[in-house]
Amino acid sequence: MEPTILCTELYLRLGDDELLVIDCRTPAEWDHHALHIPGALRMSPGEVAREHRMLPDDELIVLCGGAQDGSDVRRVCRLLRMHGREAVCLDGGLPAWIRGGYPTERHARPQLALPR
């Protein structure tokens, strides 16, 4: 099982220079739920896997997904840890963060172009 961080601990550390939160929800999940953790970087699991060398190696990387059991971010966490990154999964994912009443930011949903 990959290491986790509790929502309370993440909340206390938000804004630290040594912390990077990555929202790993799929594009469909991102579009469906217009909330995210303040300051989170949006990268799908595939993007994290492809671009992991670009991520900092001196920060705690917190992976946040849409599944409460963390099944959507565990594989990405393992990959990052195999490549020397300090990575953890947010315990309960975004649903636990929202249920706990922690701060969120609203992101814009894509607008469909209307035919002219």
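Leaving aside neighbours within four places in sequence, Ile5 is in contact with Leu10, Leu60, Val62, Val88, Cys89, Leu90 and Asp91. That list is a good way into this structure, which is a predicted model.

Ile5 belongs to the largest nonpolar core, a group of 16 residues. With Leu10, Val21, Ile37, Val62, Leu90 and Trp97, Ile5 is among the residues that have the most contacts inside that core. Several elements contribute two or more residues each. They are helix H1 (7-13), strand S2 (19-23), strand S5 (60-64), strand S6 (86-90) and helix H5 (93-99). Another core lies apart from this one. It has 14 residues, including Val48, Leu55, Val73 and Cys89.

Now the sheet. It is open and built from 5 strands, in the order S1-S6-S5-S2-S4, with parallel pairing. Strand S1 (4-5) and S4 are the edge strands, and each pairs on one side only. S1 pairs with S6 in the parallel sense through 2 bridges. Ile5 returns here, standing opposite Leu90 of S6. Leu90 is also one of the contacts of Ile5.

Move inward to S5. This strand runs parallel to S2, and 5 bridges join the two. S5 also runs parallel to S6, with 4 bridges between them. Ile61 shows both links. Ile61 is the bridge partner of Leu20, and Ile61 stands opposite Ala87 in S6.

How many of the residues of S5 are buried? The count is 5 of 5, so the strand is mostly covered, given that buried means under 20% relative accessible area. Both faces are covered. Leu60, Val62 and Cys64 are buried on one side, and Ile61 and Leu63 are buried on the other. On the first of these sides, Leu60 and Val62 are both contacts of Ile5.

Next comes the connection from S5 to S6. S5, helix H4 (residues 74-82) and S6 make a right-handed β-α-β unit. Which residues of H4 are buried? Val76, Cys77 and Leu80 are. Seen down the helix axis, the buried residues of H4 fall within an arc of 100 degrees, so they line one face. The general geometry fits this picture: an α-helix has 3.6 residues a turn, so residues three or four places apart point the same way. On the other side of H4, Arg75 and Met82 are exposed. The cover over the buried residues of H4 includes helix H3 (45-51), S5 and S6. After H4 comes Gly84, which has a positive phi, near 85 degrees.

His52 sits in the loop between H3 and S5. Is His52 buried or exposed? His52 counts as buried because its relative accessibility is 4%. Leaving out residues up to four places away in sequence, His52 touches Leu79, Leu80, His83 and Arg85. One of these, Leu80, is itself a buried residue of H4.

Ala40 is in another loop, between strand S3 (35-36) and strand S4 (41-42). Ala40 counts as buried too, because its relative accessibility is 17%. With residues up to four places away in sequence set aside, Ala40 touches Val21 and Asp23. Val21 is one of the residues with the most contacts inside the largest core. Val62 is another. The C-alpha atoms of Ala40 and Val62 are separated by 9.3 Å, with the two residues 22 apart along the chain.

The last stop is His107, in the segment after strand S7 (105-106). His107 is buried because its relative accessible area is 10%. What does the side chain of His107 reach at 2.9 Å? The partner is the backbone oxygen of Trp30. A polar atom of the His107 side chain also lies 3.2 Å from the backbone oxygen of His33. Not counting residues up to four places away in sequence, His107 touches Arg25, Trp30, His33, Ala34, Leu35 and His36.

Technical notes:
Residues numbered from 1 in each chain as written. Predicted model: local features only at pLDDT ≥ 70, side-chain atom pairs only at ≥ 80, totals over all residues. Heavy atoms only, no water. Core = buried A, V, L, I, M, F, W, Y, C linked by side-chain atoms within 4.5 Å. Buried < 20%, exposed > 50% of the residue type's maximum accessible area, 1.4 Å probe, protein only. Contact = heavy atoms within 4.5 Å. Polar contact = N/O pair within 3.5 Å; in protein donor to acceptor, adjacent residues only side chain to side chain. Pairing = 2+ DSSP bridges. Right-handed = clockwise from strand over helix to strand, strands pointing away. Arc of directions from axis to C-beta.
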